[in-house]
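Morning, everyone. I have one structure to walk through today. Please bring it up on your screens.

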Amino acid sequence: MSFASIPDLILEPMIRAALMEDLGSYGDVTTRAVIGDEVTYVAKINARADAVVSGMQVARIAFHLVDPSLEVETHVTDGQHCTAGQSLMTIKGRAASILSGERVALNFAGRLTGIATMTASFVAETKGTNTRVTCTRKTTPGLRLVEKLAVLHGGGFNHRYSLSDAILIKDNHIAAAGGVRAVLEATKAHASHMMAVEIEVDRLDQLAEVLEVGGASVVLLDNMDNDTLREAVSLVDGRMITEASGNVRRDRIASIAATGVDYISSGALTHSAPTIDLGLDF
């Protein structure tokens, strides 16, 4: 499966900040001391494990921000599978420039490939159902855009990107507002017709009240066991989109999907995915 890229100019500030962090106030002093500007080389980014690739666009931007003259060729596009030993990218040009951009490019690509790979493993557990796997806002500060992009590359779906994207009424909102009815009535009075509304419940009596009052199009079924999830889906009966969340592990995905929920959300996709080992070889 192929994916449209986010415009480079949107990603550049994030990648530029990472390069500035790595290059410090005086640049790559090691490379400048030992490698002349006239030295050119061909380097490859190679996978050291089977994975679903993400971060190739980001790595390319990183190298080009260091040196626009570098020739970068991507052999595997974001969202594709790779095998251990496979070459993902070739970079040609000044050796000093390649070395100066290496770590940032690999940090991004390894991290994002890890998220895509973990997401793909979760999605595989939903095979044969209509359930979709989605991420959450439990992302690395400053990296949410690319981490959520990596979820897409792994075959998952994105939840809201920020607090301003949609109304998501959590348990603390319900407690502070005075209950399910109060918070939904307030939402109906103030929310724009263009703003999606989701409400979290952790008991079936709360769900029944949500269905009675109305005003939300999505219900988050929080920390429910499978039997309760199945009953909740039956109670909703297609009137709302259902999302299961909480205590979501890979070994439980298939059984959750079997309850008939529309979405399974997991913060683990972005906060617990292991980085995939990628190396840059001269």
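**Strands, then helices**

Start with S9, residues 218–222, and S10: the two pair in the parallel sense, over five bridges. To find the register, look at Leu 221, which stands opposite Ala 244 in S10. Before I go on, a reminder that this is a predicted model.

Now the other neighbour. Strand S8, residues 197–201, also runs parallel to S9, and four bridges join them. For the register here, take Glu 198: its bridge partner in S9 is Val 218.

How covered are these strands? S9 is mostly covered, with five of its five residues buried. General point: in a regular strand, side chains alternate between the two faces of the sheet. In S9, both faces are covered. On one side sit Val 218, Leu 220 and Asp 222, and on the other Val 219 and Leu 221; all are buried. Next, S10, residues 241–245. That strand is mostly covered as well, with four of its five residues buried.

On to another sheet. This one is open, has four strands, and pairs antiparallel. The order is S3-S5-S1-S12. Which strands form the edges? They are S3, at 71–74, and S12, at 278–281, and each pairs on one side only. From one strand to the next, the twist averages 15 degrees.

Look at S1, residues 40–47. Four bridges join S1 to S12, and the two run antiparallel. One pair to click on: Asn 46, whose bridge partner in S12 is Gly 279.

What packs on this sheet? Helix H3, residues 56–66. H3 touches S1, S3, S5 and S12, where S5 covers 87–94. The direction of H3 makes about 5 degrees with that of S5.

Now the helix pairs. Two packed helices are described by the angle between their axes and the distance between the axes. I'll give both each time.

First up, H3 with H4. Their axes come within 8 Å and cross at roughly 160 degrees. Angles over 145 degrees count as roughly antiparallel, so that is how H3 and H4 lie to each other. The crossing is right-handed. From H3, the contact takes in Met 56, Val 58, Ala 59, Ala 62, Phe 63 and Val 66. On the H4 side, the residues they meet include Ile 98, Gly 101, Val 104, Ala 105, Phe 108 and Leu 112. By class, the contact of H3 with H4 divides into 12 nonpolar residues, three polar and one charged.

Next, H4 with H5. H4 covers residues 95–124 and H5 covers 144–153. They pack at an angle of about 45 degrees, with axes 7 Å apart. H4 and H5 are therefore oblique to each other. Left-handed or right-handed? The crossing of H4 and H5 is right-handed. H4 brings Phe 108, Arg 111, Leu 112, Ile 115, Ala 116 and Thr 119. H5 brings Val 146, Glu 147, Ala 150, Val 151 and His 153. The contact of H4 with H5 has seven nonpolar, two polar and two charged residues. Phe 108 and Leu 112 of H4 meet H3, and they also meet H5.

Last, the whole chain. The protein chain has 11 helices and 12 strands. Along its principal axes, the C-alpha trace spans about 75 × 40 × 25 Å. Of the 282 residues, 47% are buried. Now count contacts with a separation of 6 or more: residues 24 or more positions apart account for 71% of them.

That's my tour. Over to you.

Terms used:
Residues are numbered from 1 along each chain as its sequence is written. This is a predicted model: local features need pLDDT of at least 70, side-chain atom pairs count only at pLDDT 80 or more; totals for chains, interfaces and linings use all residues. Side-chain values use heavy atoms; hydrogens and water are left out. Two strands pair if DSSP finds at least two bridges between them. Axes are lines fitted to C-alpha atoms, for helices over the stretch in contact, and angles run from 0 to 180 degrees between N-to-C directions. Contact means heavy atoms within 4.5 Å. Angles under 35 degrees count as roughly parallel, over 145 as roughly antiparallel, 65 to 115 as roughly perpendicular and the rest as oblique. A crossing is left-handed if the near helix is turned anticlockwise from the far one by less than a right angle, and right-handed if clockwise. Ala, Val, Leu, Ile, Met, Phe, Trp, Tyr, Cys and Pro count as nonpolar, Asp, Glu, Lys and Arg as charged, and the others, Gly among them, as polar. Buried means under 20% relative accessible area, exposed over 50%, partly exposed in between (1.4 Å probe, protein chains only).
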